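Biologist: Could you take a close look at one enclosed space in this model and walk me through what surrounds it?

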Amino acid sequence: MGDCEKRSVLLVAGFGVDAETARATFAESSVSATVLTTLTDVFDRLTTEVYHCLVLPEHVDGQAGVDIARGVTKLFPDLPVVLVGVDPATVPDELGVTALDVTTVRDPSVEAAVRAALDSSAPSVAGREPSPMETLLLSLFNEMPDHLYAKDEAARHVMMGRGFNQPTDRIGLTDLEVGELVDEHSKAAYRDEMAVLDGETDRIEVEEFLGLSAEYVLTKKVPWYDADDTIQGLVGLTQDITTRKTRERDLRRQHERMVKVALLAAHKFRNELQIAHGRLELLDCDAEELDHIEASLARISAVVDTVVSLSTQETEIADQEPVWLSRLSREVWDTLAESQAQLRIESDARLVADQESAGLLMQFLFQNALEHVGPSVTVTVGATPDGFFVADDGPGVDVEPPERVFDAGYTTVEGNTGFGLYIARTVAENHGWEIELSEAADGGIRFDIVNVELHE
């Protein structure tokens, strides 16, 4: 076996044989064997210690050995890998591994395959001492509190940090094959990644509401270049931004209260101004004095208009970018709703919008449901082929024509300003969108926002 007395094998147990028995099997062949019973440390060992061959079972820790081999060979392309308990016909030839359809690592064919691999292969990256750069990158993956990962040219995970997940529980899988991800989100993530891998973009950045251990996340993805400056995969970083979103929610609540106060005051001032103008027309006095009073009322009216304008200045459209409907909805909902009210996301899509002003639109649509239906309302949000909808389970609209609800100052709720739906329609129009009013499936109000650009 040549110099294989100096060679070492990393074996991941899972063959129905205990670790000591597996280790002894290779010791008899003068091969130094290290046995792991889980996958957690496999990449750490291959990076920081010297190994000349890797032996994997059909399954371990719920992961297929073929998938693990795919991730390993991407990072250690010259490392021989032997799969035990795997039908060779099910392993792609381009993977370049040896598959043996036997049930135990003690089968003589396993030892023979390892011997052949050690005799025929030159030492791989895993077969020498690691460089400082390699240990630095391993530390980055292991110690960063965020989720750091690398994927190959087919968007399959090849390495994962310890931030959110076990460092091996997605190896060899694309996001399309990860069950815990929402279908729309996994498909969108895969499309984004293929855009990076195909060189269509050099950076992906998107915020999402996942509802998992980290509710709100910010994901960034960039190309992974080889020594020839060719894209061979991508590197991604997903950060938990729930704390930041909580602070933003508190600020949004404070801003919303200020807007309410300003609009309510403006509404009351306008009512009083109408009364004053009406009384002024009945006065029989010096025309010059009337002119002074009219000028004074005009100045007050201008101040009121300024207050309304300043209170709703977020309706001005800034740069538009993709934003998940679910994330935008949940983010706004959390600033408004009491515990009795419920938000239901029926379906999801990415909208191209100015997030601040679109959030203001959602805010007033949600407020309309909470104020007109009550604190136990259920609001449903969903995507449509040309936009999205917001519907409630209340009594519906009892006004003719129904579009009057969009008129400035119109309200049926005591103390309400009547500006909410007016502002919502203004925001929509500024985007080039339209709001259509109809009856919801539960008999309540349904607002359809149409002519919305969707990011595919």
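Modeller: Sure, let's start with the walls: the lining of the second largest cavity splits into 6 nonpolar residues, 1 polar and 1 charged (Ala, Val, Leu, Ile, Met, Phe, Trp, Tyr, Cys and Pro count as nonpolar, Asp, Glu, Lys and Arg as charged, and the others, Gly among them, as polar). By name, the lining residues are Leu365, Asn368, Ala369, Val390, Ala391, Asp392, Ile445 and Phe447. A cavity here is a set of points on a 1 Å grid over the protein atoms alone where a 1.4 Å probe fits but cannot get out, and lining residues have an atom within 4 Å of a point.

Keep in mind that this is a predicted model: local features need pLDDT of at least 70 and side-chain atom pairs count only at pLDDT 80 or more, while totals for chains, interfaces and linings use all residues. Residues are numbered from 1 along each chain as its sequence is written, and side-chain values use heavy atoms, with hydrogens and water left out.

Where does the lining come from? Helix 10 (355-373), strand 17 (387-392) and strand 19 (445-450) each give at least two of its residues; helices (H or I, at least four residues) and strands (E, at least two) are DSSP runs numbered from the N terminus.

As for volume, the second largest cavity holds about 30 Å³ of space, counted as the space filled by probe spheres set on the points, with grid points joined across faces, edges and corners. Searching the whole structure turns up 2 cavities of 30 Å³ or more.

Terms used
1 Å grid on protein atoms, 1.4 Å probe; cavity = no way out; pocket = protein on both sides within 12 Å on 5 of 7 lines; lining within 4 Å.
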